[in-house]
Amino acid sequence: MFTDLKKLQVFVAIVEGGSVTSAAERLNTAQPWVSVQLKQLETMLGTLLVERSKGKLVRLTPAGQKLLPLAKRMLLNCEEVGDQIRALTKGPHEALVLGFDPITLYMPQRNRLTTQFMELSPRTALQIS
């Protein structure tokens, strides 16, 4: 399974920027790191993705042409999923209503357990009735 999205981001940045140097500037990183990421991606896939001349992108190889739309789609899907996950964590708080026997009101164990629960579930609004 392919698990290194950073290498795909680098590949797309190289193609969109037209060179390794431009990709490094866009990614706010060093040019050698970008070159290494591209080389590792090519090694992982077992094929050249771009033809280069003195650090410049000359053109995509057939494999690079096939990978580009897939890489863009995968990165977009990951971004969308990330947005959805962030939306879930910003959603409304859940409410939990607990009923306690009044005789347990002053039992330290009940208070300790309640406190531990709240520490483990900070997004839950606890209502005791």
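The following exchange introduces the core, the first helix and the salt bridges of a predicted model.

Colleague: On what basis are features of this model reported?
Modeller: Residues are numbered from 1 along each chain as its sequence is written, and side-chain values use heavy atoms, with hydrogens and water left out. Because the model is predicted, totals for chains, interfaces and linings use all residues, whereas side-chain atom pairs count only at pLDDT 80 or more and local features need pLDDT of at least 70.

Colleague: Which helix gives the most to the largest nonpolar core?
Modeller: A nonpolar core is a set of buried Ala, Val, Leu, Ile, Met, Phe, Trp, Tyr and Cys residues joined through side-chain atoms within 4.5 Å; buried means under 20% relative accessible area, exposed over 50%, and partly exposed in between (1.4 Å probe, protein chains only). The largest such core has 21 residues, and Phe11, Ile14, Val34 and Leu67 have the most contacts inside it. At least two residues each come from α1 (5-17), α2 (20-26), α3 (31-45), β2 (56-60) and α4 (62-89), where helices (H or I, at least four residues) and strands (E, at least two) are DSSP runs numbered from the N terminus. With seven residues, the greatest contributor is α1.

Colleague: What distance separates the end C-alpha atoms of α1?
Modeller: The expected span of a helix is 1.5 Å times one less than its number of residues. For the 13 residues of α1 this gives 18 Å, which agrees with the separation of its end C-alpha atoms, 18 Å.

Colleague: Is Lys7, the salt-bridge partner of Asp4, buried or exposed?
Modeller: A salt bridge is a side-chain nitrogen of Lys or Arg within 4 Å of a carboxyl oxygen of Asp or Glu. In the pair of Asp4 and Lys7, the closest N and O atoms are 2.6 Å apart. Asp4 counts as partly exposed at 21% relative accessibility. Lys7 has a relative accessible area of 7% and is therefore buried.

Colleague: Which residues are linked in a network of salt bridges?
Modeller: Arg26 and Glu16 form a salt bridge whose closest N and O atoms are 3.2 Å apart. Arg26 lies in helix α2 and Glu16 in helix α1, so this pair ties together parts that are 10 residues apart in sequence. The linked residues are Glu16, Arg26 and Lys72.

Colleague: Which residue forms a salt bridge with Arg59?
Modeller: Arg59 is exposed, with a relative accessible area of 52%, and its partner is partly exposed, at 33%. The closest N and O atoms of the pair are 3.1 Å apart, and the partner is Glu51.
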